[in-house]
Amino acid sequence: MSVNTVTASTSSSASRFAPALLSVFFGLFIVGFVGFSPMEVVHNAAHDARHANAFPCH
């Protein structure tokens, strides 16, 4: 006799929401840090990377 076991896995919306929220906060931190950085080198590097990727920044 053969017994087949079926298991169902469900992911809650909270387990999908946390990484999305974390990535949004991380992205805002990076944009805020680079955009308003008093260090000229950081700002210029990000500015050049935006232009290299054909992303309009001004």
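## How the helices cross

Helix H1 (residues 13–35) and helix H2 have axes that come within 8 Å of each other, crossing at roughly 115 degrees. This is a predicted model, so take the geometry in that spirit.

Where do H1 and H2 meet? On the H1 side the contact takes in Phe-33, Val-34 and Gly-35, while H2 brings Val-42, His-43 and Ala-46. Sort the residues of this H1–H2 contact by character and you get four nonpolar, two polar and no charged.

## A look at H2

H2 runs over residues 40–52, which gives it 13 residues. From first C-alpha to last, H2 reaches 18 Å, close to the 18 Å expected at 1.5 Å a residue.

After H2 comes Ala-54, and its phi is positive, near 60 degrees.

## The annotated stretch

The unreviewed UniProt entry puts a "transmembrane region" annotation on residues 17–36. In the model, that stretch of chain is 95% helix and 0% strand. The C-alpha atoms at the two ends of residues 17–36 sit 28 Å apart.

## The whole protein

As for the overall inventory, the protein has two helices and zero strands. There are 58 residues in the protein, and buried ones make up 5% of them.

The protein exposes about 5300 Å². Carbon and sulfur atoms supply 69% of that exposed area.

Technical notes
Residues numbered from 1 in each chain as written. Predicted model: local features only at pLDDT ≥ 70, side-chain atom pairs only at ≥ 80, totals over all residues. Heavy atoms only, no water. Helix = DSSP H or I, 4+ residues; strand = E, 2+ residues; numbered from the N terminus. Expected span 1.5 Å × (residues − 1). Axes fitted to C-alpha atoms, helices over the stretch in contact; angles between N-to-C directions. Contact = heavy atoms within 4.5 Å. Nonpolar A, V, L, I, M, F, W, Y, C, P; charged D, E, K, R; others polar. UniProt positions renumbered as here; feature names shortened; annotations may be inferred. Buried < 20%, exposed > 50% of the residue type's maximum accessible area, 1.4 Å probe, protein only. Areas by Shrake-Rupley, 256 points an atom, 1.4 Å probe, with all protein chains shown as cover.
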